[in-house]
Amino acid sequence: NEEIPHEEGMDHSIALLQEGYLFIKNRADQFKTDLFETRVLGKKVVCMTGPEAAKIFYDLDRFQRKWAAPYRIQQSLFGVGAIQGMDGQAHHQRKQQFLSLMDKRNQERLAEMVTNELKHSIPQWEKEEQVRFFKEIKNVLCWVACQWAGVPVKEEDIPDLADDLISMVYAFGRVGPEHWKGRTARNRTEGWMENIIEDVRSGNIPADESSALYVMAFLKDEKGQHLPAKKAAIELINVLRPIVAISTYITFAAVALHEHPKTKEPLKEHNSRNLEMFVNEVRRFYPFGPFLGARVKEDFTWNNYTFKRGTLVLLDIYGMHHDERFWETPNQFDPNNFKNQDRNDYSFIPQGGSDPGKGHRCPGEGITVEVMKATVDFLVNKMDYDVPAQDFNYSLDEMPTLPKSGFLMTNVKRI
Ligand code: HEM
């Protein structure tokens with residue numbers, strides 16, 4: 001068994017929070033390796049980067065998700081006992097239910113609903129002196145997500161629900177008040193959705209059989225029993241929350257359009273492929289998911305290193321998307337990075353790798369891409385706006401992050 005570089009010192013949890021998206025890449029570059037050991041939260045952690053490592057990470061015989069996410073992350077981001085921490089047959093069964101809701105037809109239906117809601121919102125934005133796009137788009141996506149999923153929510157409750165769903169996401173790499181804000185938001189939303197689930201089960205609230213609300217309300221465990229209403233609520237939130245979180249990518253997309261105006265030209269051709277290249281480049285270039293975590297299932301050896309059962313392993317996402325070995329000009333925003341291929345391989349994993357039906361790769365990737373395409377098309381071809389001076393910077397030591405201004409627009413007009 002060969003030794004791999006390991007970082008000296010008792011614990012690097014604080015460095016992880018401070019260096020954020022670059023924690024793994026900084027060390028991989030320093031040690032000139034794709035595999036090293038460090039210590040986080042008082043325990044040995046193995047960090048990996050690169051497509052080969054990503055492929056191993058998705059080998060279901062070698063890695064499991066049970067016990068991978070710290071409890072504090074379950075209590076804020078995922079929900080306790082949610083699909084993210086399941087394995088084996090139980091995971092597979094649950095995953096099929098998620099995937100059944102997100103086929104091509106459903107992706108397109110959601111994207112169409114987003115376009116319609118954007119059209120609806122324009123008259124209000126035209127009246128306002130200044131629009132903060134992140135704030136607007138998160139409300140648009142929250143409203144559409146609830147409609148699409150069949151969740152009955154009053155229009156006036158949307159801004160608070162959207163804020164709560166965003167707080168769960170932004171609690172991720174944070175300690176103190178922002179972590180607690182995410183937990184409070186989760187408790188409140190779980191309680192609310194739990195009541196809705198109970199009303200669907202008792203027939204007090206009608207639900208279409210093909211809707212996410214219905215599918216989640218009647219989820220079964222391995223023994224064929226309905227899940228407790230709270231667990232069903234957690235999985236329903238696992239549909240609503242990430243749809244609203246697409247507003248982070250969309251805000252980055254608006255910044256990209258502004259800072260790289262040449263990339264707009266191909267988007268005026270109403271060509272779906274050009275839109276797809278653009279949104280893929282947004283998902284590569286800008287930071288969102290920093291890394292993934294899993295635990296070694298049984299001892300195994302890879303690259304002459306023995307992974308010990310139970311060890312927590314982190315797979316780099318952000319660093320790999322900015323690695324010159326896999327990308328020609330990693331630090332430039334250029335949709336042509338996706339010209340010759342879809343990069344549906346292990347070097348492009350903004351929403352995980354491998355087959356979503358077999359492992360934990362995001363089931364919502366098609367939805368994300370279609371919603372982003374519809375919104376970018378709207379920004380380029382269906383509305384006009386000025387971009388006043390503002391701070392577009394985002395910090396790589398906050399996980400997740402966002403352009404500071406949230407993207408301000410003035411003189412918004414429908415075209
Ligand atoms: C899993 C990213 C949007 C639902 C994941 C994973 C990532 C991810 C990195 C984990 C992959 C792994 O553990 O191997 C994103 C990003 C999104 C997004 C960056 C854009 C905002 C969505 C959408 C939905 C969704 C729109 C649903 C409507 C899920 C679910 C899982 C998941 C349910 C857990 C899957 C499992 O454990 O098997 N996502 N996602 N995500 N995502 Fe997404």
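Colleague: Let's start in the strands, if you don't mind. Which residue of E8 stands opposite Arg-295?

Modeller: Happy to, with one note: this is a predicted model, in which local features need pLDDT of at least 70, side-chain atom pairs count only at pLDDT 80 or more, and totals for chains, interfaces and linings use all residues. Residues are numbered from 1 along each chain as its sequence is written. Strands (E, at least two residues) and helices (H or I, at least four) are DSSP runs, numbered from the N terminus. Across from Arg-295, in E8, is Leu-312.

Colleague: How many bridges join E5 to E8?

Modeller: Strand E8 covers residues 312-316 and runs antiparallel to E5. Two strands pair if DSSP finds at least two bridges between them. For E5 and E8 the number of bridges is 5.

Colleague: And on E3, which residue stands opposite Val-296 in E5?

Modeller: E3 (residues 63-64) and E5 (residues 291-296) run antiparallel and are joined by 2 bridges. Gln-64 has Arg-295 of E5 opposite. Facing Val-296 is Phe-63.

Colleague: What is the order of the open sheet of 5 strands?

Modeller: Strands of a sheet pair through backbone hydrogen bonds, either parallel or antiparallel. In this open sheet the pairing is mixed, and the order reads E1-E2-E8-E5-E3.

Colleague: Which are the edge strands?

Modeller: An edge strand here pairs on one side only. That describes strand E1 (35-40) and E3.

Colleague: Over to the helices: how many of the 17 residues of H7 are buried?

Modeller: H7 runs over residues 133-149; its expected span (1.5 Å times one less than its number of residues) is 24 Å, which agrees with its end C-alpha atoms being 24 Å apart. A residue is buried if 20 or more other C-beta atoms, placed from the backbone, lie within 10 Å of its own, exposed if 12 or fewer, and partly exposed in between. H7 is largely enclosed by the rest of the structure, because its buried residues number 15.

Colleague: Phe-98 caught my eye. Which residues does it touch, not counting those up to four places away in sequence?

Modeller: Phe-98 is part of helix H5, and it counts as buried because it has 20 C-beta neighbours inside 10 Å. Its C-alpha atom is 12 Å from that of Arg-361, 263 residues apart along the chain. Contact needs C-beta atoms, placed from the backbone, within 7 Å. By that test Phe-98 touches Ile-83 and Pro-363.

Colleague: Now the ligand: which helix supplies the largest share of the shell?

Modeller: The shell has 24 residues, and among the closest are His-360 and Cys-362; a residue qualifies if its C-beta atom, placed from the backbone, lies within 6 Å. Helix H5 (88-100), helix H11 (229-259) and helix H13 (365-382) each give at least two shell residues. With 7 residues, the largest share belongs to H11.

Colleague: Last one: what is the radius of gyration of the protein chain?

Modeller: The chain has 13 helices and 10 strands. Its radius, taken over C-alpha atoms, is set against a globule rule of 2.2 Å times the number of residues to the power 0.38. For 415 residues that rule gives 22 Å, and the chain comes close to it, so it is as compact as a globular protein of that length, with a radius of gyration of 21 Å.

Methods
Contact = placed C-beta atoms within 7 Å.
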